[in-house]
Amino acid sequence: MREHDSFGPATMRRGRRKFDDDDANFLKRGKLEPTLAEDPDLPETGDRWSTWDGALHGPHPRPDWIRTEHGAVDTELGMLKTGKEADVFLVRRAVPGNDQVSMIAAKRYRDGDHRLFHRDAGYLEGRRVRRSREMRAMTNRTAFGKELIAGQWAAAEFGALSRLWQVGQEGGTISVPYPVQLIGTELMLEFIGDWETGEAAPRLAQVRTDRDGLEDLWRQMTEALSVLARTQIAHGDLSPYNTLVHEGRLVIIDMPQIVDLIANPQGAEFLARDVRNVAGWFIARGLPVDADALIERLSYEAGLL
């Protein structure tokens, strides 16, 4: 894991973060609303006290750049991305007077009235809640049910990232952002990019490289897909637009729609679609990959054959 403890706040400037979005009408928006009730005892610097206390925390071993101090302050530096299901903000978490910081991507899911998840019913198959009332509300898409679904999306992504980050640390060939914390529908993640400038890492779709570079990225992609299959999950919406490339390393992001390959009756279809989505990008750039052979191998690794 990288070290990010040496630069000071003078390197950061508000409102000038770059992140290309596939929405042609992408707009910067206002500051992220606090997830907790407003505290009248606001910090002298920054926007709010750290929300670490009381949150659900990421897995151990915890990276040493995580700021856990109760006196830490969150400063919001602008929007990284606006999407169909959530907005993502760049947050600097630091203790005043201390040059050790965490740079975090704060992903805040929209409420049930505004969220625009694609085909969420298919993704939710295989997910269950204990109370029949809650299950009925989710099935009928009542206002209460939509809020429950929003919580499920955030919790599902947090759980998937926690699990896959641990697999990666144990030697599995997959990279995902470290999930810092979860409070309600706000998920805070490791910021993948340049911590000094606030520039997000490019998406795979933006990367231009030579044949050797393409072959290395495809190797990383197939290894990551193999880890997912052996863990018996599918990304569910994998594409060159939700995969980042940072310093040559392929990083899988955006996992709220994670699919249980065994519990979901459409699991095999989601796995195949993930493979075809990414394989098509490499094929279009001249790399002769065999998507069908890879789907067959991954299906076997997942226990679907």
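**Figure 1. Overview of the chain in the predicted model.** Of the chain's 305 residues, 52% count as buried. The structure shown is a predicted model. Its secondary structure comprises 6 helices and 11 strands. Among contacts in the chain between residues at least 6 apart in sequence, 69% join residues at least 24 apart. The accessible surface of the chain amounts to about 14,700 Å², and 49% of this surface belongs to carbon and sulfur atoms.

**Figure 2. Close-up of T51 in the loop between β1 and β2.** The loop that holds T51 lies between β1 (48-49) and β2 (56-57). T51 counts as buried because its relative accessibility is 3%, the cut-off for buried being under 20%. M188 is included in this view as a partner distant in sequence: T51 and M188 are 137 residues apart in sequence, and their C-alpha atoms are 10.0 Å apart in space.

**Figure 3. Close-up of a patch of negative charge on the surface.** The patch is formed by D194, E196, E199 and E247, which gather on the surface. E247, one of these residues, is the subject of the next view.

**Figure 4. Close-up of E247 in the loop between β9 and β10.** E247 is found in the loop that β9 (243-246) and β10 (249-252) flank. With a relative accessibility of 71%, E247 counts as exposed, because exposed denotes a relative accessible area over 50%. From this loop, E247 contributes to the patch of negative charge together with D194, E196 and E199.

Definitions and conventions:
Residues numbered from 1 in each chain as written. Predicted model: local features only at pLDDT ≥ 70, side-chain atom pairs only at ≥ 80, totals over all residues. Heavy atoms only, no water. Patch = residues over 30% accessible without salt bridge, like charges linked within 9 Å, V, L, I, M, F, W, Y side chains within 5 Å. Areas by Shrake-Rupley, 256 points an atom, 1.4 Å probe, with all protein chains shown as cover. Salt bridge = Lys/Arg side-chain N within 4 Å of Asp/Glu carboxyl O. Lys, Arg positive; Asp, Glu negative; His and termini not counted. Charge placed at Lys NZ, Arg CZ, Asp CG, Glu CD. Helix = DSSP H or I, 4+ residues; strand = E, 2+ residues; numbered from the N terminus. Buried < 20%, exposed > 50% of the residue type's maximum accessible area, 1.4 Å probe, protein only. Contact = heavy atoms within 4.5 Å.
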